[in-house]
Amino acid sequence: MTFRQARWDEPSIWDLAESPPAEPAPAVPGLPERMRRKERLLWPELSELQVLRHYTRLSQMNFGIETVPYALGSCTMKYNPRVSEVLARRDGAANLHPHQPEASVQGALELLWRLERILSKVTGLPEVSLQPAAGAHGEYAALLMVRAYFLERGELGQRTEVLLPDTAHGTNPASAAMAGFTTREIASKDGCVDLTALRAAVNEHTACFMLTNPNTAGLFESEILEIAETVHRAGGMLYYDGANLNAILGITHPGRMGFDVAHLNLHKTFATPHGGGGPGAGVLAAGEKLGPYLPIPRVVKTGRKFHLDYDRPRSIGKIKSGYGNFGLDLRAYAFAISHGEAGLQHVARRAVLNSNYLGQRLGTSLPRPFRTLVKHEFLLSGTPLKARGVRTLDLAKRLLDEGVHAPTIYFPSIVDEALMIELPETESKRDLDEYAAAFERAVNDTPENLHAAPQRLAVKRVDEVRAAREPTLSWKDLRHRTPNHQKAASVSAPP
């Protein structure tokens, strides 16, 4: 057996497995012949060291926040403090069961209650629920609350429309449709909501206007009070998508802007694990009108005791098994109390400073649409690359060769060949300078290299359509498969 480095574009190291001799299936009394295995079971036979080296190598092929900056705009990919991870893994937290008697989980309930008080202050909204599993779940639940509000008032048959800015996150229209509403898009003007267009669209059919502030262009909606007054005058509700809360944390809040309900992502703003499809935590906060409709149960304090209250007759009901995601709630609580009020304000100020510094650097390489003074993130347009026959996608792939993760691309759609970049407060000036230098090298590279990128990773440029349609998601024994099958398996593997 010879050693060779594990790669995605060649047979797996499982090919190194020593195959045991074929053994007939043992005779089991009463087992039908058709159910008896005719061939040996294809288990890979590897030593512990081989497996350890294999998975260590795979981890080194990946991009991660612990090794490189993650500039994914609107995702706030910040470092997760290790002290929070240690706390969440302690037996007293990790081994709790959602069905334990309340008397045995008083500490956990108190932590949830205290976190809700903190998040109430952060959002400026009095009622908070930690129940939703993630951001999209939270916004869907918020729209169910809006629906329940108008149903109770006898207006649901009339209030059928949800308004969305053309900078909205893609989950917003999906959540509105799932909640039974139709949607209408409101145009932007200079990157922000066109107030004239909004006033023309709002009417007696408006149930809700969904908005994030700052928006996905990184711009603060300076006319937010006029927007709120316009929606409320028509009898509608104003919903806050909290994906970009990191920019205003402790400085201002949705309640002050006139929002009726908000969701926020603990896995963005409060430095809990993010990515890979989970875990996630999409906290809901609501004002007086929508507070009674928050999902059950609610954590309440009676004297010195805490319990889960299910007696909320106007609630939209239970939306998740268990109560929220306790591990993320604990991490978020540790993050909040370790920073304190002044520290959370510093988070926002540093995030805005990082964004404006990096935006000024990269604005010399590609044009910046709209105004240049931004909040937590900024936009670039890759339109000039077209003259060289290059796409924004090519630039994103080329950045991978520089050892940094690519930014969000092609969103929002109001900017041609958009790149949305956010490096949060956890990145230092040196990190920003290194990212800017990598970006400048990539954007000035030859079209040939940009088209061929990435060239320095274990996986080269892949057929993305095929990788999405024919993914290999579990171990397969490739020795008896065709070369085409092996290629498909290697293509589907992530970098």
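Here a biologist and a modeller talk through a predicted model of a protein chain.

Biologist: Let's start with the overall picture. How many helices and strands does the protein chain have?

Modeller: The protein chain has 16 helices and 14 strands. Of its 495 residues, 50% are buried. Among contacts with a separation of 6 or more, 70% are between residues 24 or more positions apart.

Biologist: Let's pick one residue. Why is Q131 called buried?

Modeller: Buried means under 20% relative accessible area. Q131 has 0% relative accessibility, so Q131 counts as buried. You will find Q131 in the loop between strand 1 (127-129) and helix 5 (135-152).

Biologist: What makes the link between the side chain of Q131 and the backbone oxygen of I296 a polar contact?

Modeller: The cut-off for a pair of N or O atoms is 3.5 Å. The side chain of Q131 reaches the backbone oxygen of I296 at 3.2 Å, so the distance is within that limit. Q131 also touches other residues beyond four places away in sequence, including P295, P297, K318 and Y323.

Biologist: And which backbone oxygen does the side chain of Q106 reach?

Modeller: That of F306, at 2.7 Å, which is within 3.5 Å and therefore fits the distance limit for a polar contact. Q106 is in helix 4 (residues 106-123). Leaving aside neighbours within four places in sequence, Q106 is in contact with R304, K305 and F306.

Biologist: Back to I296 for a moment. What is the peptide bond from I296 to P297 like?

Modeller: That bond is cis, with omega near 0°. P297 sits in the loop between strand 9 (282-286) and strand 10 (298-302). The bond from N213 to P214 is cis too, with omega near 5°, and P214 belongs to the loop between strand 6 (206-211) and helix 8 (224-233).

Biologist: What is the phi of S74?

Modeller: S74 has a positive phi of about 70°, although S74 is not a glycine. Its place is the loop between helix 1 (48-61) and helix 2 (82-89).

Biologist: Is S74 buried or exposed?

Modeller: Its relative accessible area is 4%, under the 20% cut-off, so S74 is buried. A271 is another residue other than glycine with a positive phi, near 55°. With a relative accessible area of 1%, A271 is under 20% and therefore buried.

Biologist: How do you know that strand 12 (residues 378-381) and strand 14 are paired?

Modeller: Pairing takes at least two bridges. Four bridges join strand 12 to strand 14, so they pair, and they run antiparallel. Strand 13 (residues 408-409) and strand 14 have two bridges, so they also meet the requirement, again in the antiparallel sense.

Biologist: Which residue in strand 14 is the bridge partner of L379?

Modeller: The partner is M420. T408 stands opposite M420 as well. In strand 14 (residues 418-421), A418 and M420 point one way and L419 and I421 the other way, and all are buried.

Biologist: How many cavities of 30 Å³ or more does a search of the whole structure find?

Modeller: Two. The largest holds about 40 Å³ of space, and L379 is one of the residues lining it, along with others including F370 and F378. The second largest has a volume of about 30 Å³.

Biologist: Which classes make up the two linings?

Modeller: The lining of the largest cavity has seven nonpolar, one polar and two charged residues. For the second largest cavity, the lining divides into four nonpolar, four polar and one charged. Among the residues of that second lining are P165, H169 and D241.

Conventions:
Residues are numbered from 1 along each chain as its sequence is written. This is a predicted model: local features need pLDDT of at least 70, side-chain atom pairs count only at pLDDT 80 or more; totals for chains, interfaces and linings use all residues. Side-chain values use heavy atoms; hydrogens and water are left out. Buried means under 20% relative accessible area, exposed over 50%, partly exposed in between (1.4 Å probe, protein chains only). A polar contact is a pair of N or O atoms within 3.5 Å; within protein, one must be able to donate a hydrogen and the other to accept it, and residues adjacent in sequence count only if both atoms are side-chain atoms. Contact means heavy atoms within 4.5 Å. On a 1 Å grid over the protein atoms alone, a cavity is a set of points where a 1.4 Å probe fits but cannot get out, and a pocket is an open set with protein on both sides within 12 Å along at least five of seven lines; lining residues have an atom within 4 Å of a point. Grid points are joined across faces, edges and corners, and a volume is the space filled by probe spheres set on the points. Ala, Val, Leu, Ile, Met, Phe, Trp, Tyr, Cys and Pro count as nonpolar, Asp, Glu, Lys and Arg as charged, and the others, Gly among them, as polar.
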